[in-house]
Structure formats: structure tokens, C-alpha cells
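Here's a walk through a protein chain, one neighbourhood at a time. Keep the viewer open and follow along.

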Amino acid sequence: MERVREVLIAHLERAYAPYSRFPVVALVEAEGENFLGVNVENASFPLSQCAERNAVAAMVLAGKRRIDRVHIYSPKGPVPPCGGCRQVLLEFGTPRTEVVMHGPEGYVVKTLEELLPLGFRL
């Protein structure tokens, strides 16, 4: 877990969060590989992109379709993914997929089912 945390922190400066000053970096473990994403804000705030969804996009681009675990880091503390990201993570994960939320003081682990108890699935 410590190695993943180091990778997350090393990539935090790549987040583009000039408006919220709330940088986030995510790492998706998928089928034996890791995929990173950072949040990318826009002056038109609804057009901003979350770190989790950017990591999922990198995973999909690489041809992977199954999330094994998700890690999220923010210097603001262990923060959960937003509602939209929870649904996207569930699309490629399962209700039992772990989401590890890292912050400066440690981390918290929850399953997607705990974070999104009535998630939409086909």
C-alpha cells in the first residue's frame, strides 16, 4: 500500500486544479496493470474531468475492462469519489471492488457497494 501511495503523491503535481485548489490523483488496478489519472479543471466548471474517470479512460484505452482496486489521493484528506465516478467505477468493477482513499494522515478502504449501495447495473 505504501508503494502505491508514493506513486500517487509523486503524480499529484500533474493535477490541473487552479480553480478549486483541490488536486486529486487516482490509480486504477486492472488486470495486472496500473493506470493513473489526475483531475483536469476547466473555467467552465461542469467541463472539468475527475481523476478517477481519467484513470478509467486510460485503462479502457489500454484494452482493459475489469477494475480490481482503485486508489485515490488528495492532500485534503481521504476523500471519496464523486457520485458520477462511483457509477463509472461500478461499470468496470463489482460491488466488492475496493476503493482506497488516501490522505496525508493515512487511508480508508470501502467497497463500491458501501459507496454506492444502489448503483445502476445492467
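Let's start with an easy landmark: a hairpin of two residues links β4 to β5. Keep in mind that this is a predicted model. Strand β4 covers residues 98-103 and strand β5 covers residues 106-111; the two run antiparallel and are joined by six bridges. If you click on V100, you'll find V109 of β5 standing opposite.

Now hop over to V79, which sits in the loop between β3 (69-73) and α3 (83-92). Is V79 buried or exposed? Its relative accessibility is 15%, so V79 counts as buried. Ignoring neighbours within four places in sequence, V79 is in contact with F22, I72, S74 and M101. You can also look across to V24: the C-alpha atoms of V79 and V24 are 9.1 Å apart, while the two residues are separated by 55 positions along the chain.

Next, the cysteines. How many disulfides does a search of the whole structure find? Zero. C50 is in no disulfide, and the nearest cysteine sulfur to it, that of C85, is 3.7 Å away. C50 is partly exposed, because its relative accessibility comes to 21%. As for C85, its sulfur has its closest cysteine sulfur in C82, at 3.7 Å, which is too far for a bond; the cut-off for a disulfide is 2.5 Å. C85 has a relative accessible area of 0%, so it is buried.

That leaves the charged residues. Side chains of opposite charge can pair when their charged atoms come close. Here the count is five salt bridges. One of them joins R3 to E6, with the closest N and O atoms 3.8 Å apart. Both residues belong to helix α1 (residues 2-11), where R3 and E6 are three residues apart, about one turn of the helix. R3 is exposed at 58% relative accessibility, and E6 is partly exposed at 42%.

A salt bridge also forms between K64 and E33, at 3.1 Å from N to O. K64 is in the loop between α2 (51-61) and β3, and E33 is in strand β2 (residues 33-38), so this pair ties together parts that are 31 residues apart in sequence. K64 is buried, with a relative accessible area of 15%, whereas E33 is partly exposed at 37%.

Finally, D68 and R66 meet through their side chains in a salt bridge of 2.9 Å, N to O. Elsewhere on your tour of charges, E29, R69 and E98 are joined into one network by salt bridges that share partners.

Technical notes. Residues numbered from 1 in each chain as written. Predicted model: local features only at pLDDT ≥ 70, side-chain atom pairs only at ≥ 80, totals over all residues. Heavy atoms only, no water. Helix = DSSP H or I, 4+ residues; strand = E, 2+ residues; numbered from the N terminus. Buried < 20%, exposed > 50% of the residue type's maximum accessible area, 1.4 Å probe, protein only. Contact = heavy atoms within 4.5 Å. Pairing = 2+ DSSP bridges. Salt bridge = Lys/Arg side-chain N within 4 Å of Asp/Glu carboxyl O.
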